[in-house]
Amino acid sequence: MKFTRRTILATAILAACAASPLTALAAKPLVIGFSQVGAESEWRTANTVSIKDAARKAGVTLKFADAQQKQENQVKAIRSFIAQKVDVIAFSPVVESGWDTVLREAKAAKIPVILTDRAVSVTDDTLYVTFIGSDFVEEGRRAGKWLLEHAKNAAPDGTVNIVELQGTVGSAPAIDRKKGFEEVIAANPKFKIIRSQTGDFTRAKGKEVMEAFLKAEGKKINVLYAHNDDMAIGAIQAIEEAGLKPGVDITIVSIDGVKGAFEAMMAGKLNVTVECSPLLGPQLMQIAADVVAAKPVPKRITTQEGVFPAEIAAREFPNRKY
Ligand code: GZL
């Protein structure tokens, strides 16, 4: 092929364009600032793994901050992401309220905010683009429905005495799982919540509060409703140390569907877990890319989930991803 001066010039211009800042900009990886609640439960650990794996696979630069379950740490992290001018801020809010000010700062900085896992209660819902997560009220309803249909432990007069381990005070899952459960068991006045207290979604606190419930109510307790599997697993230890058989003397209903819950069900110590998927990473990366590309995204993206009673635990366990 004859290289004329014109061909060489055209090739040089093309080469220059290829290295131009515009092209470089197009290839610039998305930068997401993510503020995580903490590392309080198996569920949270799996959620963090899902987000980090998905970021790596998507070629996203992830700035990840663990708030150790403190709202002030999440506010600090969001302010730091604003200062770093990230492309997108995403977070799982530890509690529902107290976000208006910092989210207004993100809006002023023109940085889109995506909620994952938990919702916020704000005066202006343009402060976030979308909320990707479970329907916690529905999870509470599913727990209540299973209990109404399967309760076998009851007092001589037929009353079903329930103790409740609530999640983190003020958090969306704690508020909504309580709401959904109470809504459903109201159908049968024999079902009574006799004690209810937060175990902060952790095994240690779940055990500690269950010990207090057992000291106060003893064999009167027919059912434990735990807002997550980690608290249920902690409570199982307390029930055994009190000389009772978890899953037999006390029916245990829980939420999340982590591997530890399946192991407890296979050991006959837990009766059912309502699934709450932590595997939100891939959806988050896709939605973040769509937001930056100015594509329309729904205001609410709900994860689809099931209910896993002990009878199917062994069959389902090999399929579990978290
Ligand atoms: C639910 C999530 C809750 C889990 C707990 O989406 O926010 O927080 O149920 C976790 O295990 O600690």
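**Exercise 1. Asp117 and its salt bridges**

Asp117 is found in the loop between strand E4 (113–116) and strand E5 (130–133). The structure is a predicted model. Task: determine whether Asp117 is buried or exposed, and state which residue forms a salt bridge with Asp117.

Solution.
- Step 1. The backbone of Asp117 has a positive phi of about 75 degrees, although Asp117 is not a glycine.
- Step 2. Buried means under 20% relative accessible area. Asp117 has a relative accessibility of 4%, and therefore counts as buried.
- Step 3. Asp117 forms a salt bridge with Arg118, with the closest N and O atoms 3.8 Å apart. Both Asp117 and Arg118 are buried.

**Exercise 2. A second positive phi**

Task: establish where Gln69 is placed and how its accessibility is to be classed.

Solution.
- Step 1. Gln69 is not a glycine, yet has a positive phi of about 60 degrees.
- Step 2. The residue lies in the loop between strand E2 (61–66) and helix H4 (71–83).
- Step 3. With a relative accessible area of 23%, Gln69 is partly exposed.

**Exercise 3. Strand E10 and its neighbours**

Task: describe which way the side chains of strand E10 (residues 272–275) point, and in which sense E10 pairs with strand E9 and with strand E12.

Solution.
- Step 1. Val272 and Val274 point one way from E10, while Thr273 and Glu275 point the other way; all of these residues are buried.
- Step 2. Strand E9 (residues 251–256) pairs with E10 in the parallel sense, over four bridges. Within this pairing, Ile255 has Val274 as its bridge partner in E10.
- Step 3. From E9 the chain passes through helix H10 (residues 259–266) to E10, a β-α-β crossover that is right-handed.
- Step 4. E10 and strand E12 (residues 307–309) run antiparallel and are joined by three bridges. Val272 stands opposite Pro309 in E12.

**Exercise 4. The surroundings of helix H10**

Task: identify which residues of H10 are buried and what covers them.

Solution.
- Step 1. The buried residues are Gly260, Ala261, Phe262, Ala264 and Met265.
- Step 2. Their cover includes helix H3 (42–58), helix H9 (229–241), E10, E12 and helix H12 (313–316).
- Step 3. Just after H10, Gly268 takes a positive phi of about 80 degrees.

**Exercise 5. Two buried residues and their contacts**

Task: for Gly167 and for Ser254, state the place in the chain and which residues are touched, leaving aside those up to four places away in sequence.

Solution.
- Step 1. Gly167 lies in the loop between strand E6 (160–166) and helix H7 (172–185). Its relative accessibility is 0%, so Gly167 counts as buried.
- Step 2. Gly167 touches Ala174, Thr198, Asp200, Phe201, His227 and Met231, with residues up to four places away in sequence not counted.
- Step 3. Ser254 belongs to strand E9 and is buried, with a relative accessible area of 0%.
- Step 4. On the same basis of counting, the residues touched by Ser254 include Leu270, Val272, Thr273 and Val274, as well as Ala226, Asn228, Asp229 and Ala232.

**Exercise 6. Two salt bridges compared by position**

Task: explain where in the chain the partners lie in the pair Lys145 and Glu149 and in the pair Lys269 and Glu240.

Solution.
- Step 1. The side chains of Lys145 and Glu149 meet in a salt bridge at 3.0 Å, N to O. The two residues are separated by about one helical turn, because they are four residues apart in helix H6 (residues 136–150).
- Step 2. Lys269 and Glu240 also form a salt bridge through their side chains, at 2.8 Å, N to O. Lys269 lies in the loop between H10 and E10 and Glu240 in helix H9, so this pair ties together parts that are 29 residues apart in sequence.
- Step 3. Lys269 is partly exposed, with a relative accessible area of 28%; Glu240, at 36%, also counts as partly exposed.

**Exercise 7. The two domains**

Task: characterise the interface of domain 1 and domain 2, and state how many salt bridges cross it.

Solution.
- Step 1. The domain assignment gives domain 1 (28–133 + 278–302) and domain 2 (136–276). Their centres, taken over C-alpha atoms, are separated by 30 Å.
- Step 2. In the interface, 12 residues of domain 1 are in contact with 20 residues of domain 2.
- Step 3. The domains bury about 1,100 Å² between them, with 51% of it on carbon and sulfur atoms.
- Step 4. One salt bridge is found across the interface. Glu42 forms a salt bridge with Arg203, with the closest N and O atoms 2.7 Å apart.

Note on methods:
Residues numbered from 1 in each chain as written. Predicted model: local features only at pLDDT ≥ 70, side-chain atom pairs only at ≥ 80, totals over all residues. Heavy atoms only, no water. Buried < 20%, exposed > 50% of the residue type's maximum accessible area, 1.4 Å probe, protein only. Pairing = 2+ DSSP bridges. Right-handed = clockwise from strand over helix to strand, strands pointing away. Domains from an automatic or database assignment. Contact = heavy atoms within 4.5 Å. Buried area = accessible area lost by both parts, 1.4 Å probe. Salt bridge = Lys/Arg side-chain N within 4 Å of Asp/Glu carboxyl O.
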